[in-house]
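Here is a friendly tour of one structure, from its enclosed spaces to its sheet. Keep the 3D view open as you read.

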Amino acid sequence: MRDCQSFFKPGGILSSILKNYEYRDAQLKMAEAVADALDRRKTLLVEAATGTGKTWAYLIPAILSGKKVIISTGTKTLQDQLYFNDLPFLSEFLPFRFKVGSGAIDYGAPFTFSMMKGKSNYLCLHRFEQSLQQPSFEGFEAESHFDIVQQWSTRTRTGDRAEISELPDNTPLWQEVSVKGEACLGAPCPSYDRCYITRMRQAAAASDIVIVNHHLFFADLALKEASYGEILPHYDAVVFDEAHLLEEVATQYFGISISSYRIDDFVYDAEREFRYIQTVEAGCFEQCKRILSASNRFFHSFRKGEERYRLKESDFSQDVLAAGSALSESLQRLKEKIGALRLKSESISHLCERIEGLTSDLQLFLTIDQEEQEYVYWTEKRKQAVFLYASPLDVSARLRERLFERKVPVILTSATLASQKGFDFVRRRLGIDAADSLGNGTATREMILSTPFDYEKQALLYLPTHLPTPSDRNFTSAISEEILRILEESKGRAFLLFTSWRNMEEVYRNLLGRLPYLLLKQGDQPKQALIEIFKRDVSSVLLGTTSFWQGVDVPGESLSCVIIDKLPFASPTDPLVAARVDSLTQKGEDPFLSFQVPSAVLALRQGIGRLIRTRDDRGLIAILDRRMTKKEYGKHFLSTLPPSRRTASFDEVRSFFSGLRLK
Ligand code: SF4
């Protein structure tokens with residue numbers, strides 16, 4: 001505790017090393033709570049509004065604790081920011097022996113830190129060397145990309161593709177030479193000692209602070225659960241930033257899936273391996289073709305009209321089951337053919353292990369059990385591929401057992417963790433025990449740190465009541481006109497958030513050619529490129545859906561207005577949402593109030609959070625969904641919004657913008 005004081009208090013260590021250091025009471029409170037949780041092995045939930053300075057409020061206590069701490073983020077952007085900005089700065093400037101008053105505090109040796117990303121970010125030396133000997137790509141573009149990778153491979157120390165900015169994001173060449181989870185040979189690999197994954201793991205094992213993302217963290221937890229090994233080194237504590245994303249990622253990793261993409265990928269790797277070995281008989285290649293045609297027949301059965309739908313027993317007719325069994329048999333047949341070759345090759349035996357994994361996951365779907373209460377089975381089409389999923393309805397019991405009951409301190413933080421009943425919702429979904437009133441008796445402690453911004457002065461919340469409800473067929477045309485008149489007052493500079501692609505496209509078409517500002521739309525360019533243009537071109541207007549509701553950080557005039565089309569309820573037809581709603585109903589709960597509203601409250605707060613990023617920001621939040629004020633449940637949303645002025649009057653919007661004196 002005393003350590004945190006000496007760092008954060010006015011006149012403390014941070015103020016001596018940072019010219020513009022600004023003391024924030026909430027930041028010190030959070031740092032002390034994090035230090036306490038690390039020390040007393042507690043679970044801590046902290047909602048820290050934007051501007052609290054939460055990153056350093058967990059990094060500094062984590063460093064001072066002397067424990068090995070995993071910091072897990074929801075996005076790669078934050079992961080990179082911690083690794084390339086915050087930690088190098090702290091490691092360079094933080095003194096490890098600092099004079100306070102008449103005494104001295106000794107913080108021990110400087111700390112070490114490293115970063116772990118998902119395997120596909122790294123160059124696989126084994127596959128790269130195979131490509132050098134026998135290139136399996138063609139064309140001028142692929143060759144020039146290969147040259148870039150080859151030159152970089154002679155100087156990289158990490159093998160992380162983020163180092164080669166000149167390599168396009170979507171180059172197929174990277175698929176050829178990067179690490180593929182299922183295809184990695186592990187310890188028997190001839191390049192194992194030089195392998196970047198091996199080195200990344202060694203660096204992580206030797207570091208005090210290890211930066212990962214939620215995907216990697218849960219991939220590790222799922223592997224450990226299945227006793228298939230581990231990815232992360234042993235750790236003493238874990239901090240989850242952007243913790244509002246945990247349930248979604250955990251659901252993905254505790255589930256099982258099989259897809260036409262996975263089969264194609266396996267066949268691609270098998271053929272590549274056969275070509276490399278050269279002594280393989282033609283029958284193996286023929287068998288690969290049979291696998292592909294069996295896969296086409298099986299997965300074609302799920303190519304119905306809808307993009308995503310819940311699977312029922314009736315979706316597995318006799319014909320579908322026969323196609324699935326044929327696929328399984330064709331895979332086994334290849335395994336027999338490979339076995340008959342009697343080759344002593346690690347790569348070849350690894351292919352056999354992959355066949356076992358594929359057939360056992362496929363089997364799960366061929367014996368689908370509708371009485372199953374724990375999983376929901378569903379399918380999704382993505383581009384040319386069909387995916388079948390078995391997703392857990394509730395991850396709380398597993399997280400409780402695997403994470404929160406392990407007596408390892410776990411800190412969860414985000415700008416949006418609490419819904420209308422505090423942390424009740426997130427605790428139930430994640431399997432965290434309730435805190436007692438003093439925060440001492442149980443292993444859980446909670447805190448909500450309110451915003452340091454003056455929302456009363458900085459923002460106006462516009463809740464028009466004259467628009468039709470979202471179910472009305474004139475809704476999108478009416479909101480398009482409303483958006484148009486708001487943008488005329490704000491002089492563009494707006495971020496438009498939609499709950500569906502359809503609404504976004506329709507509003508975009510309605511606005512096109514009617515505004516003297518650049519209109520940018522999700523999907524026209526990669527997300528980061530769009531955000532860069534939006535920042536540069538101050539009067540531009542950016543339209544986005546789900547992935548734009550969070551993680552967009554644009555301080556300043558470019559983002560002077562956030563307009564939200566409607567309350568972000570998850571689609572009730574989404575298979576996972578529908579199954580969770582059914583399950584709660586069966587348990588006698590009201591799924592709308594206990595699940596759908598709190599989820600939407602968190603999503604709405606994320607969207608609104610894009611507006612005010614600094615003390616100097618000013619702007620308007622417009623929510624064009626009249627249910628906010630007309631429906632009883634609207635009060636749940638209203639009670640969790642920032643304390644800005646609220647209005648239904650457009651005149652007030654006009655005078656608000658004229659008061660901002662936009663250029
Ligand atoms: S151990 Fe795996 S990732 Fe590393 S070089 Fe070998 S195959 Fe590639």
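## The second largest cavity

In this predicted model, α12 makes the largest contribution to the lining of the second largest cavity, with three residues. Two elements, α6 and α12, give two or more residues to this lining. The space inside is about 60 Å³.

If you would like to find the cavity in the viewer, select Q130, S131, Q134, S136, R272, R275 and Y276, which line it. By residue class, the lining holds one nonpolar, four polar and two charged residues.

## The largest cavity

How many cavities of 30 Å³ or more does a search of the whole structure find? There are two, and the largest has a volume of about 120 Å³. Its lining is made up of H126, R127, Q130, A183, L185, D269, R272, E273, S347, H350, L351 and R354. Q130 and R272 deserve a second look, as they line the largest cavity and also appear in the lining of the second largest cavity.

Which elements supply at least two residues each to the lining of the largest cavity? They are α6 (125-133), α12 (260-277) and α15. The largest share comes from α15, with four residues. Sorted by class, the lining has three nonpolar, four polar and five charged residues.

## Around the ligand

The ligand has a shell made of C124, L125, H126, V179, C184, L185, G186, C189, Y192 and C195. Eight of these shell residues count as nonpolar and two as polar, and there are no charged ones.

Two names here will be familiar: H126 and L185 belong to the shell around the ligand, and both are found in the lining of the largest cavity.

## An open sheet and its helices

Now for the strands. Four of them form an open sheet, in the order β8-β11-β10-β9, with antiparallel pairing. At the edges are β8 (256-259) and β9 (308-310), each of which pairs on one side only. From one strand to the next, the twist averages 20 degrees. As a general reminder, strands of a sheet pair through backbone hydrogen bonds, in either a parallel or an antiparallel way.

For a closer look at one pairing, follow β9 to β10 (residues 375-382): the two strands run antiparallel and are joined by three bridges. Which residue of β10 is the bridge partner of Y309? That partner is T379.

Two helices lie across strands of this sheet. Helix α15 (residues 346-366) lies across β8, β10 and β11 (385-392), and runs at about 100 degrees to β8. Helix α22 (residues 575-586) lies across β9, β10 and β11, running at about 30 degrees to β9. You have already met α15 as the source of four lining residues in the largest cavity.

## The second largest pocket

Helix α22 returns here, giving the most to the lining of the second largest pocket, with six residues. The pocket has a volume of about 660 Å³. It is lined by 31 residues, and those closest to its centre are Q373, E374, L393, A579 and S583.

Strand β10 takes part as well: together with α16 (396-404), α17 (424-430) and α22, it is one of the elements that give two or more residues to this lining. How do the lining residues divide by class, and what is the count for each? Ten are nonpolar, six polar and 15 charged.

Key:
Residues are numbered from 1 along each chain as its sequence is written. This is a predicted model: local features need pLDDT of at least 70, side-chain atom pairs count only at pLDDT 80 or more; totals for chains, interfaces and linings use all residues. Side-chain values use heavy atoms; hydrogens and water are left out. Two strands pair if DSSP finds at least two bridges between them. Axes are lines fitted to C-alpha atoms, for helices over the stretch in contact, and angles run from 0 to 180 degrees between N-to-C directions. Contact means heavy atoms within 4.5 Å. On a 1 Å grid over the protein atoms alone, a cavity is a set of points where a 1.4 Å probe fits but cannot get out, and a pocket is an open set with protein on both sides within 12 Å along at least five of seven lines; lining residues have an atom within 4 Å of a point. Grid points are joined across faces, edges and corners, and a volume is the space filled by probe spheres set on the points. Ala, Val, Leu, Ile, Met, Phe, Trp, Tyr, Cys and Pro count as nonpolar, Asp, Glu, Lys and Arg as charged, and the others, Gly among them, as polar. A residue is near a molecule or strand if one of its heavy atoms lies within 4 Å of it.
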